[in-house]
Amino acid sequence: MNDTNSKTPGARQPARRQFLIDMAKTVCTVGLMGTGLGLYAKQAKALPPLAIRPPGALPEADFQGACIRCGLCVRDCPYNILELAKPEHNVATGTPYFVARNLPCEMCEDIPCIKACPTGALDHGLTDINKSKMGLAVLIDHETCLNFLGLRCDVCYRVCPVIDKAITLETIHNVRTGKHTMFLPTVHSDHCTGCGKCEKSCVLEEAAIKILPAKLAKGKLGEHYRLGWDEKTKAGKSLVAPEIEHEYTLPEGYKYEQGRGLIPGSSGESVAPGTQPGFPKALQGDKL
Amino acid sequence: MSAASGAGGDTLAEKGWLASHKWLILRRISQIIILALFLAGPLAGLWIVKGNLAYSLTLNTLPLSDPYVLLQSLLAGHIPEKMALIGVAIMLAFYFLVGGRVYCSWVCPVNPVTDAAAWLRSRLGIKGGAHISRKLRYWVLAMTLVLAAGTGTIAWELINPVSMLHRGLIFGIGMTWTIVLAVFLLDLFVSANAWCGHVCPVGAFYSLLGKWSPLRVSAAQREACNDCMDCYAVCPEPQVIKPALKGAKQGIGPVILSPNCTNCGRCIDVCSKDVFHFGLRSAK
Ligand code: SF4
Ligand code: SF4
Ligand code: SF4
Ligand code: SF4
Ligand code: SF4
């Protein structure tokens, strides 16, 4: 540099250098802030499993671009179940959610929370609360659910506002006692609204049935799967011709009866040499 | 609390306490009334106003929405419902007329916090501090907008102390106080008016919104100025005063045109020579 023999640039350069340094500092600071906040925002997009959005909430990624955190949904919920997340909560700051185990959604017919939302973060297109999908109930613990233990509880089933559609009791033989039936609460995702009344009312200390975000709760078949019985109804006829009569491979001495399952048979079927009774035929000999 | 404990001594003697704090008092009343309206619902069941500064509904009919938050939402890819849009139109018109940063001095809940820090700073005689560019806020503003578009979320609202404090006061404060304390300490120890004058993108946004607003402070009686420097001492954005006050020779008019003037009126209060008053941009 020639700032020793040229006065004007020499006098100007420190100022210019200072300007460039300031500029670089500013850009770096803001860049760092932005990166940090960007990463934080990305993380905050993942809603913790027990925080449930109000009915009609857009998918989480869209919701956080749409909800301006005004709290009008909170105010207009007559049951005061909604809360705006505080910074220490694990939910994007200021956005509304509820925890079903504390207070479930009462599924108001006129859905005041949606009506109050000025942005459409709660979708105004949802007018039938029975079609809402706040989450999905899952009977998550088969080991403590009283009905699974063979006792009759049924509380979750009875409080469900969509009883017999969202939750049904499926009967199954109680092998432990040998002479009773178990009534297993079974959730059907096409009708469950995710209101959380079942979770709230589960009699256990820690609920055996819980509302989870649908994304966590639902499995997904591979695209290539075709369910034979569905295809059959769709086509109106069997897709395999001629239709094969189903063959049962049963343990020795048993027969199969629709609806009851395996029952000890009275058939005098001859036992092949070298086979053991009660052992599936298919696994015996060379019939695999 | 007065931001002018050191300055304005002459004024105090000449005009009396009330006259030398007129705009400050009005401003505090405005801040208190606005907050009280929001709090009357949750605290006393008097639902005149519902919501918070991001969006509010007054008497179940008048919607008001924050244009900066809505802009971020728009950039994040969401087109809001009608009510929010009407609310934005009303707010844009209002702040365009009265000056964008009127929001800062008359409405924003962080303003009393940073004013308190400034007052304490002058009381304790804390001088100097880190050099932060006043342009930083525009970079932060740009960053928040880019981030909204890039992440598809209203990212700044995750940490924005302005909305957090207001929401916290109305819906439960939680740990928000730590963030407010951080802003207070920043202003007290790191640099004078650090938050509002250098960082806050909300203020930056509103300054752009009020760039052409007709309501301005004017140094109409600038010949009477006795160089006591009191106005510089109380102004949260002292750099805006000089051109209007001292620009006569360069042919600069007496109206403070910088959009960063918050129209708080403290310079009017504190000047013993009655140099300043509220006027129109077009005034000579
Ligand atoms: S449907 Fe009713 S109870 Fe459920 S969140 Fe909305 S307002 Fe509250
Ligand atoms: S009313 Fe809508 S925008 Fe406001 S907090 Fe609730 S979901 Fe968000
Ligand atoms: S969440 Fe539970 S109570 Fe509510 S609809 Fe689903 S199964 Fe029924
Ligand atoms: S309330 Fe709980 S324990 Fe009872 S049946 Fe339902 S899930 Fe099982
Ligand atoms: S600059 Fe920001 S924090 Fe300060 S008064 Fe304005 S909006 Fe509030």
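## Surroundings of the ligands

In this predicted model, ligand 1 is enclosed by residues of chain A: A:Pro55, A:Cys77, A:Pro78, A:Tyr79, A:Ile81, A:Cys105, A:Glu106, A:Met107, A:Cys108, A:Pro112 and A:Cys113. By class, this shell has 10 nonpolar residues, no polar ones and one charged residue. Glu counts as charged, so the charged member of the shell is A:Glu106.

Ligand 2 has 14 residues around it, and the closest are A:Cys67, A:Cys70, A:Gly71, A:Cys73 and A:Cys117. Its shell is made up of 11 nonpolar, two polar and one charged residues. Around ligand 3 there are also 14 residues, with A:Cys160, A:Cys192, A:Cys195, A:Gly196 and A:Cys198 as the closest. Here the classes are 10 nonpolar, three polar and one charged.

## Contact between chain B and chain A

How many residues does each chain bring to the contact? Chain B supplies 43 and chain A supplies 39. The size of an interface is often expressed as the accessible area lost when the parts come together. For chain B and chain A the buried area is about 3,400 Å², and 72% of it lies on carbon and sulfur atoms. On the chain B side, the residues that lose the most area to chain A are B:Trp139, B:Leu158 and B:Phe171, which together account for 20% of what that side buries.

One salt bridge is counted between the two chains. B:Lys50 makes a salt bridge with A:Asp76, with 2.8 Å between the closest N and O atoms. There are also 12 residue pairs in polar contact between chain B and chain A, both residues being at pLDDT 80 or more. On chain B, the elements that give two or more residues to the side touching chain A are β1 (49–52), β2 (55–58), α3 (67–75), α4, α7 and α8 (161–171). Of these, α7(B) gives the most, with six residues. By class, that side of chain B holds 27 nonpolar, 12 polar and four charged residues.

## The two domains of chain B

Chain B is split into domain 1, residues 9–209, and domain 2, residues 215–280. The centres of the two domains, taken over C-alpha atoms, are 23 Å apart. Their contact involves 27 residues of domain 1 of chain B and 22 residues of domain 2 of chain B. Together the domains bury about 1,800 Å² between them, with 41% of that area on carbon and sulfur atoms.

Three salt bridges are counted between domain 1 and domain 2 of chain B. B:Glu237 pairs with B:Arg137 in a salt bridge whose closest N and O atoms are 2.8 Å apart. Across this interface, 13 residue pairs are in polar contact, both residues at pLDDT 80 or more.

The side of domain 1 that touches domain 2 draws two or more residues from each of α1 (9–15), α2 (22–44), α4 (82–98), α5 (102–107), α7 (136–151) and α10 (194–199) of chain B. The largest share, five residues, comes from α1(B). This side of domain 1 has 10 nonpolar, nine polar and eight charged residues. Two of the helices listed here, α4 and α7, also appear among the elements on the side of chain B that touches chain A.

Definitions and conventions: Residues numbered from 1 in each chain as written. Chains lettered and ligands numbered in written order. Predicted model: local features only at pLDDT ≥ 70, side-chain atom pairs only at ≥ 80, totals over all residues. Heavy atoms only, no water. Domains from an automatic or database assignment. Contact = heavy atoms within 4.5 Å. Buried area = accessible area lost by both parts, 1.4 Å probe. Salt bridge = Lys/Arg side-chain N within 4 Å of Asp/Glu carboxyl O. Polar contact = N/O pair within 3.5 Å; in protein donor to acceptor, adjacent residues only side chain to side chain. Helix = DSSP H or I, 4+ residues; strand = E, 2+ residues; numbered from the N terminus. Near = heavy atom within 4 Å.
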